[in-house]
Amino acid sequence: MEKIELPEEYPRKEWKIMQGVHMTQACVDNWENVDVFQVRSDDLFIASYPKSGTTWISEIVDMILNNGDVEKCKRDSIHNRVVMLELAGIKTMLPGTELLSKMPSPRLIKTHLPIQLLPKSFWENNCKIVYVARNAKDVAVSSYYFYSANKLHPHPGTMQEYLENFKAGRVSFGSWYDHVKGWWEKRMDLPILYLFYEDMKEDLRREILKVVGFLEKHLDNDVLEKIVRHASFDVMKDNPMTNYSLIPSILLDQSISPFMRKGVSGDWKNYFTVEQNNKFDEDYRKKMSGTTLCFRTEI
Ligand code: PPS
């Protein structure tokens, strides 16, 4: 088979290990600034393990804060409205820490960091966090396709290879199991609204109302309905400000897999073999024993 040469600017660099957590080099390059990043008490963090519905909840939060004004939410691409703290190493983009330091309060900050890697000042400011989690099987499939298209990541290999790496935490931002459990445990001590992708799929209006309450906002019913419509998969897939089409294809090749891929729960059934599923379940039971955290793998 002919070897496809990758553009030089974004070769698929090898993992860096940060305190035992696998990270892409792009998220480690600027670590000294991430570590000392100055969190403000009125920052709102949107935290998640990758591919759990971060962009979806980000758009919803921005819509709530702008009282459902669609045009205002089209002022910029989602990655500029909700800046990813740890992202750096992209030639056409300033590092997240630099963009955020220039941004007026209140800032919306995206992060995929596991709880133990948050900047030191995070612990001195009691800022609110919306955490969104998604079941491991759908995250595995969604991330497999995303890393096939995203040149910042090592190539995921075959689905079989990727599933083994996923279970072992040898994937971007480390172990899904540790990530979701780490944030779940912290919801007792920190102002965290812990949401589930599957609940959002089941009843988006209900979940948006949880966010509205958490942010201590009030929305008229027609505004709420507008947000529900605007945040639907089909509308977000067509919206250049949310579908990542403004990211150059040299970096994210959406002809390999679109960012807004399918947006469903239970898609893993189309990819896991019976054997892969049995092994995944067996491993899952061990890793998730002793937690009260429960996921639905379909709705
Ligand atoms: S990232 O790159 O980690 O920030 O990705 P993230 O935004 O967390 O997750 C991407 C997946 O979320 C799906 N998505 C949605 N699903 C339903 N409705 C809406 N509106 C929506 N917006 C994004 C997106 O399609 C990715 O999931 P998959 O399963 O790959 O389709």
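The ligand sits in the largest cavity of the structure, which is a predicted model. The elements that contribute two or more residues to the shell around this ligand are helix 2 (54-65), helix 6 (136-149) and helix 12 (233-238), and helix 2 supplies the largest share, namely three residues.

**The shell around the ligand**

In total, 22 residues surround the ligand, and the closest of them are T54, T55, S142, Y197 and K262. When these surroundings are sorted by class, the shell turns out to hold nine nonpolar, eight polar and five charged residues.

Some of the contacts to oxygen atoms of the ligand can be described atom by atom, and three of them are set out below.

| Residue | Atom on the protein side | Atom on the ligand side | Distance |
|---|---|---|---|
| K51 | backbone N or O atom | oxygen | 2.9 Å |
| K110 | polar side-chain atom | oxygen | 2.9 Å |
| G263 | polar backbone atom | oxygen | 2.8 Å |

How much of the ligand's accessible area does the protein cover? On its own the ligand has 640 Å² of accessible area, and the protein covers 98% of that area. For K51 the atom facing the ligand oxygen belongs to the backbone, and for G263 the polar atom is likewise part of the backbone, whereas K110 uses a polar atom of its side chain.

**Aromatic pairs**

Turning from the ligand to the rings of the protein, the structure holds 26 aromatic pairs. One of them joins Y162 and F166, whose ring centres lie 6.4 Å from each other and whose planes make an angle of 50°, so that the pair counts as tilted, a term for angles that are neither under 30 degrees nor over 60. Both residues belong to helix 7 (residues 159-168), and because Y162 and F166 are four residues apart in that helix, about one helical turn separates them.

**Backbone features in two loops**

Two places in the backbone deserve a separate look. Most residues other than glycine have a negative phi, and most peptide bonds are trans. Is the peptide bond from S105 to P106 cis or trans? This bond is cis, with omega near -5°, and P106 is located in the loop that runs between helix 5 (96-101) and strand 5 (108-111). The other place is N67, a residue other than glycine for which phi has a positive value, near 50°. N67 is likewise found in a loop, in this case the one between helix 2 and helix 3 (70-73); helix 2 is also the element that gives three residues to the shell around the ligand.

Technical notes:
Residues numbered from 1 in each chain as written. Predicted model: local features only at pLDDT ≥ 70, side-chain atom pairs only at ≥ 80, totals over all residues. Heavy atoms only, no water. Near = heavy atom within 4 Å. Polar contact = N/O pair within 3.5 Å; in protein donor to acceptor, adjacent residues only side chain to side chain. Areas by Shrake-Rupley, 256 points an atom, 1.4 Å probe, with all protein chains shown as cover. 1 Å grid on protein atoms, 1.4 Å probe; cavity = no way out; pocket = protein on both sides within 12 Å on 5 of 7 lines; lining within 4 Å. Sits in = over half its atoms within 2 Å of the grid points. Nonpolar A, V, L, I, M, F, W, Y, C, P; charged D, E, K, R; others polar. Phe/Tyr/Trp six-rings, centres within 6.5 Å; stacked < 30°, edge-to-face > 60°.
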